[in-house]
Amino acid sequence: MTSQRAAPGDSVLEVDRLTVSFDDTVILADLSFTVARGASLAVIGPNGSGKTVLFRALIGAIPYAGTIRWAPGTRFGYVPQKLDIERDLPITGRDLLRAKLTISHAAKEEALHALERVDLREEVLRQPIGSMSGGQFQRLLVAFALIGKPDVLLLDEPAAGVDAPGQQALSEAIRRLQQDEGVTTFLISHDLSVVYRYASSVLCLARQRAFLGPPEAVLTPERLSEAYGTPIGFHFHDDHGR
Amino acid sequence: MTTMDARALIVCAAMAVAAGLVGCFAVMRRMTLAADAFSHVALPGIGLALVLRLNPLIGALVALLAGSMLIWAIEGKTKLSTEAITGVVFSVALAIGSLTATGEELIDALFGAPGSMTTAETVFALVAALAVIGFILKARDRLLVSLVSTEVAIASGIGVTSLQLSFLVAFAVTVALGMRYLGVLLMGSLIIIPATVAKRLARSIDGMFAIAIGAALASTLLGAWIAALTHRPSGPVIVAIAGGLFFLSLVKLPALRLKAYADKETPTRDN
């Protein structure tokens with residue numbers, strides 16, 4: 001396992017022959033790809049194809065074989081898939097954001113700015129995190145990830161459990177971060193229309209195979225059927241302002 | 001211990017604050033049973049120290065530190081839960097401990113021994129208690145984020161593995177601190193009970209710290225005073241008072257729950 005440090009030119013990440021296995025089960029095999037700085041990479045694929053495992057390997061939370069090379073000094077923001085939080089933990093949203101401010105040596109304004117971005121009201125922060133609704137907690141996690149000015153955001157289904165207006169606000173916030181501030185975003189999503197609209201490239205993981213390319217090339221009925229093992233009725237239109 | 005001098009009182013207070021703080025994270029990490037069992041790891045160390053004619057406190061501390069390293073290493077290697085590994089280590093430690101110590105010494109180690117502390121012991125206990133308090137307060141934010149999600153903690157640049165080891169060491173030192181007055185069996189309770197009371201009543205981390213410290217201090221100081229008045233050993237009195245506070249927190253809960261529900265419901269309906 002080789003990690004970090006070497007400067008990969010204009011790319012923020014270089015992955016070379018990445019293999020992850022748990023006991024005897026190979027989850028990711030020989031995966032190689034490069035992500036340009038400021039790109040918006042969507043990761044799609046059926047359940048169990050290793051999307052979350054890929055993210056966990058990328059942040060160094062699990063052992064792997066192969067090479068993962070981040071540009072030096074990369075700061076991460078990570079939003080995990082739905083967390084199972086004990087209902088009666090005496091930790092408020094404010095506690096959690098304050099912790100991130102301290103850890104990343106950030107000013108208080110960053111937290112307020114992040115809350116604005118995810119459209120979460122400050123009063124909600126007074127609640128213990130266990131009593132927040134799924135959507136509120138998810139937005140809190142995104143706000144948490146935004147503190148500390150990350151260069152790279154890894155979002156594992158960030159909109160899961162968020163209501164429709166909230167989902168739109170989140171997608172917009174992520175798009176603005178990527179386009180206006182040059183934050184590189186990695187997004188796992190099952191919503192192919194969101195992927196088509198916001199991603200500059202798509203990595204499709206399926207049964208130990210991977211396709212990488214622009215949305216137009218990867219989100220084709222043929223490719224999707226091959227990946228998901230069943231015909232997928234996804235059609236994109238050119239009238240949504242891409 | 002039937003009487004208590006000012007020096008012992010200060011040590012007890014410092015120990016109570018350390019126990020309250022360490023307990024908060026032990027309880028939130030759901031390692032309460034493991035924490036209680038873990039305190040027994042001190043026994044073989046005490047036994048060996050007595051055989052070698054060393055201060056039992058040194059033996060207990062060495063055994064607890066070795067135990068925490070062992071649990072941490074097995075945990076990292078096997079991904080078994082802390083609770084399962086502690087169960088195994090604790091049973092083995094108890095077996096070895098009862099082989100190395102005699103019956104009376106064992107009872108003293110489990111429930112605390114009478115007698116006042118030497119100057120060296122006092123200094124050591126104070127420095128150790130302050131170190132534990134300092135660690136928890138300094139590492140509070142990192143411990144809190146790791147508690148919510150290991151992955152989020154790693155992505156935020158927190159060294160989760162070393163943080164876990166530091167916490168286990170802080171826990172081990174706290175147990176060793178209480179050994180003299182409460183005994184290892186009862187020290188586990190002083191770590192767990194005030195923090196459990198705090199978890200039931202608090203709604204924020206600062207609130208939890210304050211209630212846990214308050215409950216630990218109240219039980220320790222009140223317990224030591226009552227024990228001195230009634231000529232009883234202090235450990236059981238201290239833990240009995242902590243237990244009383246826990247049952248009191250149960251009685252108060254319905255009213256507090258209603259308040260918490262009202263707080264939650266009013267401002268955030270539309271989010």
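So, to start: in what order do the elements of chain B run from the N terminus on? They go α-α-α-α-α-α-α-α-α-α-α-α. That is twelve helices and zero strands for chain B. Before I go on, please keep in mind that this is a predicted model.

A bit more on chain B as a whole. There are 271 residues in this chain, and buried ones make up 51% of them. If you take the contacts in chain B between residues at least 6 apart in sequence, 74% of those join residues at least 24 apart.

Okay, helix pairs. Two packed helices are described by the angle between their axes and the distance between the axes, and I'll do that for two pairs.

Pair one is α4, residues 56-78, with α9, residues 160-178, both in chain B. Their axes come within 9 Å and cross at roughly 155°. Anything over 145 counts as roughly antiparallel, so that is what we call α4(B) and α9(B). The crossing here is right-handed. Who is touching whom? From α4(B) we get Leu57(B), Ala60(B), Leu61(B), Leu64(B), Leu65(B), Gly67(B), Ser68(B), Ile71(B), Trp72(B) and Gly76(B). On the α9(B) side, the residues include Thr161(B), Gln164(B), Leu165(B), Leu168(B), Phe171(B) and Val175(B). By class, this contact has 14 nonpolar residues, five polar ones and no charged ones.

Let me stop at Gly76(B) for a second. This glycine sits in helix α4 of chain B, and we've just seen that Gly76(B) is part of the contact with α9(B). Buried or exposed, then, is Gly76(B)? Exposed: Gly76(B) has 11 other C-beta atoms within 10 Å, and the cut-off for exposed is 12 or fewer. Look across to Thr161(B), which is 85 residues away along the chain: the two C-alpha atoms are separated by 8.1 Å.

Pair two is α3, residues 42-51, with α5, residues 82-100, again in chain B. These axes come within 7 Å and cross at roughly 20°. With under 35 degrees as the cut-off, α3(B) and α5(B) are therefore roughly parallel. α3(B) passes α5(B) in a left-handed crossing. In α3(B), the residues involved are Leu43(B), Pro44(B), Ile46(B), Gly47(B), Leu48(B) and Val51(B). They meet Ala93(B), Leu94(B), Ile96(B), Gly97(B) and Thr100(B) in α5(B). The class count for this contact is eight nonpolar, three polar and no charged residues.

Now for the contact between the chains. Chain B puts in 26 residues and chain A puts in 28. On the chain B side, α7 (119-148), α8 (150-155) and α11 (205-230) each supply at least two residues. Charged residues do turn up here: that side of chain B has twelve nonpolar, eight polar and six charged residues.

Last thing, confidence in chain A. The mean pLDDT is 85, and 91% of the residues of chain A reach 70 or more. The high point is helix α2 of chain A, residues 93-103, at 96, while the low point is strand β1, residues 2-3, at a mean of 44. Around that strand, residues 1-8 of chain A stay under 50, and the model has 15 contacts for them beyond four places in sequence. Residues 238-242 of chain A are below 50 as well, with two contacts beyond near neighbours in sequence. Where pLDDT is low, the predicted coordinates should not be read in detail.

That's what I have, thanks.

Key
Residues numbered from 1 in each chain as written. Chains lettered and ligands numbered in written order. Predicted model: local features only at pLDDT ≥ 70, side-chain atom pairs only at ≥ 80, totals over all residues. Axes fitted to C-alpha atoms, helices over the stretch in contact; angles between N-to-C directions. Helix = DSSP H or I, 4+ residues; strand = E, 2+ residues; numbered from the N terminus. Parallel < 35°, antiparallel > 145°, perpendicular 65-115°, else oblique. Left-handed = near helix turned anticlockwise from the far one by under 90°. Contact = placed C-beta atoms within 7 Å. Nonpolar A, V, L, I, M, F, W, Y, C, P; charged D, E, K, R; others polar. Buried ≥ 20, exposed ≤ 12 C-beta atoms within 10 Å, placed from the backbone. pLDDT = per-residue confidence, 0-100.
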